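Here are some exercises to work through with the model open in your viewer. Try each task before you read the solution below it.

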Amino acid sequence: MSWISPFALKDMGILGMNRRNHAFVARYNPRRYYPLVDNKLKTKQLANACGIPTPTLQFIVSAQHEVRHVRKQLQDCNNGFAIKPAKGSGGKGILVISGNRGNSFIKSSGKRLDERDIQRHISNILAGLYSLGGAPDTALIEDIIQMDPLFEGFSYQGIPDIRVIVFQGYPVMAMLRLATEASDGKANLHQGAVGVGLDMATGKGLRALQFGKPVSLHPDTGKKLDSIEIPDWKHLLTLASRCYEMTGLGYIGADIVLDRNRGPLMLELNARPGLAIQMTNGEGLLGRLKAIEALPHSPGGVEERVSWAMDFFAKK
């Protein structure tokens, strides 16, 4: 990656980590609300109470003595399932099973796991192997997302997600994250997923990066990345913006997935969203955040905020 001076970054309005933490996360996110997003089970329960759709929860495992009974419960998950740590972050500890064959469970990569592998993974989650600070955790077993045909050829073995930064209830920047072979079918940029910046007005792809370098084609499928456009874009932004009222957090990252049967679903929320979204969009966050801070009135309704953001942050 070529070197860029701090002055050039300032001119681009790039938000650094220290300023993000001090001026936005600490200022707008009351710490008492952190557990609502740091624990995926609490986030899901809150979302369900607020009518925000999420992947269907099949059951949870919260104690080691329950692990030996999971085989019987998993028999009802005929269309596959995902096992997640409630307090995990960065995609760590998420195991996606696309189906079963005989006594084997099949990962999306085709690798077979047996019952002991599943039990060991859940036991590790409960012991806190993937949780923040190594605290004892709970395992969530959810239905897997059925990929929308829109993403055919845009992702390698994994489900794409859309990260929307929401500030004071306004959606301010968005990117699409696409799984690759390098990222092992996961949508995490630091593991090699492709990030595609999205126009806030239309949901159309702007530019794409992998490992910090521009790419125009998906590295595994050859699909042209700037040809993608997210349908029903305003509805998706509205779903993300509603998470402001749901959590009381002023600065969050909302991760949304598109299910071919259920449409947009809120996957998880992050009170300290990463800053790579600025690189995928080719623009800093600071100017957009300051524009909202400078508004003379308090946040209005969701529809009003989303319409304002789509107009004000449109790619000119």
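**Exercise 1.** Find the bridge partner of Ile162 in E8, then work out how E7 and E8 are joined.

*Solution.* Start at Ile162: its bridge partner in E8 is Leu176. Keep in mind that this is a predicted model, so you're reading a prediction here. Next, step back to the strands, E7 (residues 161-167) and E8 (residues 170-178). They run antiparallel, and seven bridges join them. Last, look for what lies over this part of the fold: helix H9 (residues 286-293) lies across E7, E8 and strand E12 (251-259). Against E8, helix H9 runs at about 150°.

**Exercise 2.** Trace the order of the strands in the open sheet, and say which strands are at the edges.

*Solution.* Seven strands make up the open sheet, and the order reads E11-E10-E9-E8-E7-E12-E13. The pairing is antiparallel. For the edges, look for strands that pair on one side only: these are E11 and E13 (263-270).

**Exercise 3.** Walk from E9 through E10 to E11, and pick out the turn residues with a positive phi.

*Solution.* Take E9 (residues 194-198) and E10 (residues 205-210) to begin with: they're antiparallel, with three bridges between them. Val196 has Ala208 of E10 as its bridge partner. Six residues sit between these strands in the hairpin, and Gly203 takes a positive phi near 80°.

Now carry on to E11 (residues 213-214), which pairs with E10 in the antiparallel sense over two bridges. Here Leu209 stands opposite Pro214 of E11. This hairpin has two residues between its strands, and in the turn Phe211 has a positive phi of about 50°.

**Exercise 4.** Do the same for E3, E4 and E5: which glycines take a positive phi in the two hairpins?

*Solution.* E3 (residues 95-101) pairs with E4 (residues 104-107) over four bridges, in the antiparallel sense. Ile97 stands opposite Lys107 of E4. With two residues between the strands, the hairpin has Gly102 at a positive phi near 65°.

E4 is also joined to E5 (residues 112-113) by two bridges, again antiparallel. Follow Phe105 across and you land on its bridge partner in E5, Leu113. Four residues lie between the strands of this hairpin, where Gly110 takes a positive phi near 95°.

**Exercise 5.** Describe how H7 packs on H10: what is the angle, and what is the handedness of the crossing?

*Solution.* Helix H7 (residues 233-247) and helix H10 (residues 302-312) pack at about 125°, and their axes are 9 Å apart. That angle makes H7 oblique to H10. The crossing is right-handed. Then list who touches whom: H7 brings Trp233, Lys234, Leu237, Thr238, Ser241, Arg242, Tyr244 and Glu245, while H10 brings Val302, Glu303, Arg305, Val306, Ser307 and Met310. Sort the residues of this contact by type and you get six nonpolar, three polar and five charged.

**Exercise 6.** Zoom out to the domains: how far apart are their C-alpha centres, and how many residues does each domain give to the contact?

*Solution.* First set the bounds: domain 1 covers 6-52 + 148-313, and domain 2 covers 57-143. Their C-alpha centres lie 27 Å apart. The contact then takes ten residues from domain 1 and 16 residues from domain 2.

Note on methods. Residues are numbered from 1 along each chain as its sequence is written. This is a predicted model: local features need pLDDT of at least 70, side-chain atom pairs count only at pLDDT 80 or more; totals for chains, interfaces and linings use all residues. Side-chain values use heavy atoms; hydrogens and water are left out. Two strands pair if DSSP finds at least two bridges between them. Axes are lines fitted to C-alpha atoms, for helices over the stretch in contact, and angles run from 0 to 180 degrees between N-to-C directions. Angles under 35 degrees count as roughly parallel, over 145 as roughly antiparallel, 65 to 115 as roughly perpendicular and the rest as oblique. A crossing is left-handed if the near helix is turned anticlockwise from the far one by less than a right angle, and right-handed if clockwise. Contact means heavy atoms within 4.5 Å. Ala, Val, Leu, Ile, Met, Phe, Trp, Tyr, Cys and Pro count as nonpolar, Asp, Glu, Lys and Arg as charged, and the others, Gly among them, as polar. Domain bounds come from an automatic or database domain assignment.
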